[in-house]
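Let's take a walk through this one together, starting from a single residue and working outwards. Have the sequence and the model open side by side.

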Amino acid sequence: MQPKSHLFKEESTKAIGDANLQSALKNLQTGFVAARARAADGLDEFEALRDEAVTLKDHILANLDFYLERFEEKVTEAGGTVHFCATAEEARQTILELCRRYGAKSVTKGKSMVAEEVALNPFLEANGIEPVETDLGEYIIQLAKEAPSHIIGPAVHKTKEQVSDLFHEHHAKYGRTERLTEAEDLVTEAREVLRQKYFDADVGITGANFLIAETGSTIIVTNEGNGDLTQMLPKAHVVISAIDKVVPTLEDVSTILRVLARSATGQEMSAYTTLSTGPKREGDLDGPEGFHVVLLDNGRSDLLGTDKQDLLRCIRCGACMNHCPVYTAVGGHAYGWVYPGPIGAALDPHIVGLEEARHLPNASTFCGRCEQVCPMRIPLPKIMRHWREEAFERGLPPARERLALKGWAWMARHPWAYRLAARIGIGVMGRLGRRRGGRFRDLPLARAWTKSRDMPAPEGRTFIDRWKAGERG
């Protein structure tokens, strides 16, 4: 996916004016947010599990090379192969070579954000291989020729009516000419269309929620069962994953699984938790002949030992997005790359470059809800603040913006000047405001804010003056 994060301001403005998108985003509050709250309240040891998961992941990151080597050894013992790829291009070329080795004309795919990160689908298409997404949300946006807008709900930006239109347009070639309007009917039709795709594919590509070092197994968690069919029916199963997904033991992963589903969808556990260990063995009735794990670094190892290492604790639950007032106002596409919301604002500048993604860390109110609900307690506001500071130090914001920040910093270091400026400002605005009926409909330095609302004119003294005067009621 080509980064377009530098267009965040323009795209977020469009998103706020998109009636269909705004209608779809309302479902986040009534769906994911409410479900997570119920699930967390229903498990007394939920907070203790979060602490345990954080401690475990910090231990893994401190010994990442050891656990990756252990994982590779066990995969090899089971008859599979691990391919270490430093860059997105290496990962694409590796998967293409594997597809050609198995004579693949089409591949089925389970949902994988890492596959989106390396832009796998357009690359395979350009090389004559048809990728077919089998996760319902991914299938919908593939028909729409769009990118995911959410980590666990890739089509969360689509309304049911838009999905109905897409199916009506694209399923006619399969003899499905009736326009469906009920969600259950749409799901049934998608299943029936996809069924033959599983049988036709020579290679199945999935992501991995976890990699188990003690067994060489990969784990995917899904609610549709499509991942199982994707990895079981074709001749070869190719797993693409980031290096930070490794976990020492099966017992360890059970701790993280208990916080993952509750944080993501509010479930105690996902409907399917599927382990894969090597290719089909002698005597097995089914399973792939080949088993390959493509491990992508793409700059992640550069985060180790830095003030942004905590990002590698992310388990891709999407809770930060669901609770973010900015994400829930503009959706995921405005962020312009694979990972949207608070985790994207913190991670994307590292992967695609701060020059490209410098607007994203600024797209935060620092309300702290993302850190509050993150099951791995990633200090997202703190990391975004680091990016803001780095952007300033590197001179990336426009001169006017940097001058304003310097002025604000000087005021913050000189309280007498801040108090004086506040008194003058409130006095002037109060006088002007009374001539305008007590409200400003347009302010020269705050036009983006007053574009959609009026600003009440100050009526009294500054907060500090009132506090000193004892007005604390």
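In which helix is M113 found? It sits in helix α6. Keep in mind as you look that this is a predicted model. M113 has a relative accessibility of 8%, so it counts as buried. If you skip its neighbours within four places in sequence, the residues M113 is in contact with are I151, V338 and Y339. For a sense of scale, try going from M113 to E182: the two are 69 residues apart in sequence, and their C-alpha atoms are 29 Å apart in space.

Helix α6 also leads us to α8, which covers residues 136–143. Six of the eight residues in α8 are buried, so the rest of the structure largely encloses this helix. Those buried residues are G137, E138, Y139, I140, I141 and L143. What do they pack against? Their partners are α6 (113–117), β3 (130–133), α9 and α10.

Carry on along the chain and you get to K158, in the loop between α8 and α9. Is K158 buried or exposed? Its relative accessibility is 16%, and under 20% means buried, so K158 counts as buried. Beyond its neighbours within four places in sequence, K158 is in contact with A24, I140, A144, E146, V163 and L166. One of these, I140, is among the buried residues of α8.

Now for the two helices that come next. Two packed helices are described by the angle between their axes and the distance between the axes. For α9 (residues 160–170) and α10 (residues 183–200), the axes come within 11 Å and cross at roughly 35 degrees. The crossing is left-handed. On the α9 side the contact is made by K160, V163, S164 and F167, and on the α10 side by A183, L186, E189 and A190. Sort the residues of this contact by type and you get five nonpolar, one polar and two charged.

Time to zoom out. The domain assignment splits the protein chain into domain 1 (1–42 + 318–397), domain 2 (52–302) and domain 3 (407–469). The centres of domain 1 and domain 3, taken over C-alpha atoms, are 29 Å apart.

And what about the inside? In soluble globular proteins, nonpolar side chains tend to be buried together. The largest nonpolar core here has 104 residues, and the members touching the most others are F71, V203, I205, F210, V246 and L380. Why does this core lie between domain 1 and domain 2? Both domains give residues to it, so that is where it lies. Apart from it there is another core, of 15 residues, among them Y139, A190, L194 and Y198. You have met two of these names already: Y139 is one of the buried residues of α8, and A190 belongs to the α10 side of the helix contact. Back in the largest core, V246 touches I60, L64, Y67, L68, F71, L211 and A213, not counting residues up to four places away in sequence.

Last stop, the backbone. Most residues other than glycine have a negative phi. R316, in the loop between β10 (290–296) and α13 (319–322), has a positive phi near 60 degrees. F366, in the loop between α17 (359–362) and α18 (369–373), also has a positive phi, of about 60 degrees. As for their surroundings, R316 counts as buried at 12% relative accessibility, whereas F366, at 25%, counts as partly exposed.

Methods. Residues numbered from 1 in each chain as written. Predicted model: local features only at pLDDT ≥ 70, side-chain atom pairs only at ≥ 80, totals over all residues. Heavy atoms only, no water. Domains from an automatic or database assignment. Core = buried A, V, L, I, M, F, W, Y, C linked by side-chain atoms within 4.5 Å. Buried < 20%, exposed > 50% of the residue type's maximum accessible area, 1.4 Å probe, protein only. Contact = heavy atoms within 4.5 Å. Axes fitted to C-alpha atoms, helices over the stretch in contact; angles between N-to-C directions. Helix = DSSP H or I, 4+ residues; strand = E, 2+ residues; numbered from the N terminus. Left-handed = near helix turned anticlockwise from the far one by under 90°. Nonpolar A, V, L, I, M, F, W, Y, C, P; charged D, E, K, R; others polar.
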